[in-house]
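Subject: The structure we talked about

Hi there,

Here is the structure I promised to pass on. Have a look at it first, and then read my notes below.

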Amino acid sequence: MRPQLTFRDLTLGYERHPAVHHLTAEVPEGALLAVCGPNGAGKSTLLKGICGALKPIGGRIDRHGVAPQEIAYLPQAAEVDLGFPISVYDLVAMGLWRRIGLFGGVAAADRARIEAALAAVGLTGFERRIVGTLSGGQLQRALFARLMLQDARLILLDEPFSALDATTFADLLGIIRRWHAEGRTVLAVLHDLECVRAVFPLTLLLARRPIAFGPTGSVLQPETLARAYGDGHRWQEAWAAGATDCTDAA
Amino acid sequence: MSPYDLLVAPFAEFEFMRRALVGVLALALGAGPLGIFLMLRRMSLTGDAMGHAILPGAAIGFLFAGLNLYAMTLGGLIAGLLVAVGAGVVARATRMKEDAALAAFYLVSLALGVLIVSVRGSNVDLLHVLFGTVLGLDDDTLVLIAGITTITLLAFAFLWRALVVECVDPSFLASVSRSGGVSHIAFLALVVLNLVGAFHALGTLRAVGLVMLPAATARFFARDLTVLVALATLVAMASGALGLLVSYHLGAPAGPSIILVAGLAYAAAVVAGPVGGLLSRRAPRRHLEA
């Protein structure tokens with residue numbers, strides 16, 4: 001199977017403090033991968049690195065021909081300005097940016113895709129609503145519709161299911177399954193390990209350092225989970241104040 | 001006094017009134033969209049800062065060439081762009097937020113301006129830079145203002161989509177394209193350009209009034225972006241025309257009259273505006289069916 005993402009001794013961080021430390025892994029094309037780990041484990045940081053928002057401070061990321069701008073990325077807290085008078089329809093249509101850019105028109109086929117995406121997330125009838133009037137779950141649905149329109153080969157989701165009701169959760173999970181069936185590569189940061197076991201064939205378990213990577217069943221074992229989550233003790237979440245240069249071999 | 005005497009005669013009889021009217025109407029055309037985007041991008045005070053930033057450039061132009069339209073325009077443009085681009089670049093290249101960067105840049109620029117003005121000694125002509133001469137617009141100034149408005153409207157047509165997307169979700173735009181930074185800098189350049197155009201009529205410190213007050217007024221009447229821009233433009237035009245009439249009939253200075261009329265419109269909107277105005281909040285209508 002061809003790789004979609006290759007991490008080579010990747011270290012990502014902030015002001016020289018590593019948040020993802022010495023990660024080496026290869027994500028195959030079409031993978032449906034859950035990224036798990038405790039708070040502060042570097043899960044969001046890894047997604048930011050993949051989409052190019054954060055430059056590695058060590059090692060490298062190979063995206064195998066996918067430019068950072070071609071990646072569909074849903075951040076943990078989307079920065080949508082809810083005070084701006086924009087309709088749900090227009091917000092979703094933003095997903096067409098790569099195709100139509102600054103000047104391109106929205107063709108009839110595009111409009112059909114926008115309507116199909118709105119229907120898929122259950123927001124038919126919300127087209128003219130101003131985004132500021134949406135509930136949190138409805139906004140997340142709209143953002144999923146926008147992701148669908150981006151038509152990306154690589155999709156990154158940072159805790160996409162936080163604070164959603166059961167119906168919305170099921171709907172959005174259905175969309176992720178559809179992406180997987182279409183052969184797209186999907187990486188999702190998740191905390192619900194039951195959901196990960198049920199849906200995601202591959203899992204990367206992080207606790208700043210990679211703990212385990214591979215088929216979900218073998219990754220989410222009592223022993224690895226104990227190493228990641230600290231076996232009842234808190235892991236070393238805080239940065240060491242007097243940290244010195246890392247001397248680990250590449 | 002007949003409505004004709006009140007509203008039309010001043011413009012029909014006096015050429016300087018007609019020139020002033022053309023000038024403020026042209027300024028209002030650019031001010032409408034500019035003010036709405038400044039407000040929606042939470043940059044309402046940025047215009048004010050830029051107005052101060054322009055001062056040293058205009059003063060240097062004045063120092064070299066006297067009361068020369070092009071020297072002062074060029075000077076103001078260079079100073080404004082230096083501040084706008086400098087602050088924009090610092091905000092995007094470092095961890096400093098743009099408001100703080102802009103404050104730093106414009107304060108330095110303003111101090112420089114005051115220094116230059118005082119070295120030259122007190123000079124009545126320089127009041128022109130500070131307060132404008134809307135009743136003394138010559139052909140060259142009118143052409144300059146109309147040219148700036150034309151550029152502004154064309155630029156908005158080109159950048160509209162990027163400006164909207166960058167307002168709504170800047171990190172999304174940054175993730176799919178690099179046009180966010182370019183459109184932001186271009187937008188700041190438009191702010192500078194319009195303030196430089198407006199200072200000949202209204203002065204550097206008041207130019208921003210015709211931009212922000214109509215935008216703030218429109219916010220109380222509409223939710224839709226296109227309607228907001230159209231309304232702000234109309235309010236700016238009406239404030240310009242009414243302000244000139246007020247100044248004519250009362251013998252008051254024209255520049256402040258224009259801004260005060262816009263201010264009255266804003267005050268009325270705050271009280272009676274149907275979208276979130278004071279009265280609409282005090283007397284809520286019965287709720288709808290679920």
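Below are my notes, beginning with chain B as a whole and ending with a few local spots.

Please keep in mind that this is a predicted model.

**Chain B overall**

Chain B is built from helices: it has 13 of them and 0 strands. Reading from the N terminus, one α element follows another along the chain.

How does the radius of gyration of chain B agree with that of a compact globule? For 290 residues such a globule would have a value near 19 Å, and chain B comes to 20 Å, so the two agree. Along the principal axes, the C-alpha trace of chain B spans about 65 × 60 × 30 Å.

Buried residues account for 50% of the 290 residues in chain B. Of the contacts in chain B with a separation of 6 or more, 75% are made by residues 24 or more positions apart. On the outside, chain B has an accessible surface of about 13,500 Å², and carbon and sulfur atoms contribute 71% of that.

For anyone thinking about charge, chain B carries 17 positive and 14 negative charges, and the mean positions of the two sets lie 13 Å apart.

**Two places in chain B**

T46(B) sits in helix α3 of chain B, which covers residues 44-65. Is T46(B) buried or exposed? Its relative accessibility is 10%, and the cut-off for buried is under 20%, so T46(B) counts as buried. Leaving out residues up to four places away in sequence, T46(B) touches L38(B), L102(B) and L188(B).

A71(B) belongs to the next helix, α4 of chain B, which takes in residues 69-93. With residues up to four places away in sequence again set aside, A71(B) touches G61(B) and A65(B). If you want a distance to check in your viewer, try A71(B) and Y248(B): they are 177 residues apart in sequence and 30 Å apart in space, C-alpha to C-alpha.

**A helix in chain A**

Helix α1 of chain A runs over residues 43-50 and is mostly covered, with 7 of its 8 residues buried. Those buried residues are K43(A), S44(A), T45(A), L46(A), L47(A), G49(A) and I50(A). Just after α1(A) comes G52(A), which takes a positive phi of about 85°.

Happy browsing, and do write back with any questions.

Best wishes

How values were computed
Residues numbered from 1 in each chain as written. Chains lettered and ligands numbered in written order. Predicted model: local features only at pLDDT ≥ 70, side-chain atom pairs only at ≥ 80, totals over all residues. Heavy atoms only, no water. Helix = DSSP H or I, 4+ residues; strand = E, 2+ residues; numbered from the N terminus. Rg over C-alpha atoms; globule rule 2.2 N^0.38 Å. Buried < 20%, exposed > 50% of the residue type's maximum accessible area, 1.4 Å probe, protein only. Contact = heavy atoms within 4.5 Å. Areas by Shrake-Rupley, 256 points an atom, 1.4 Å probe, with all protein chains shown as cover. Lys, Arg positive; Asp, Glu negative; His and termini not counted. Charge placed at Lys NZ, Arg CZ, Asp CG, Glu CD.
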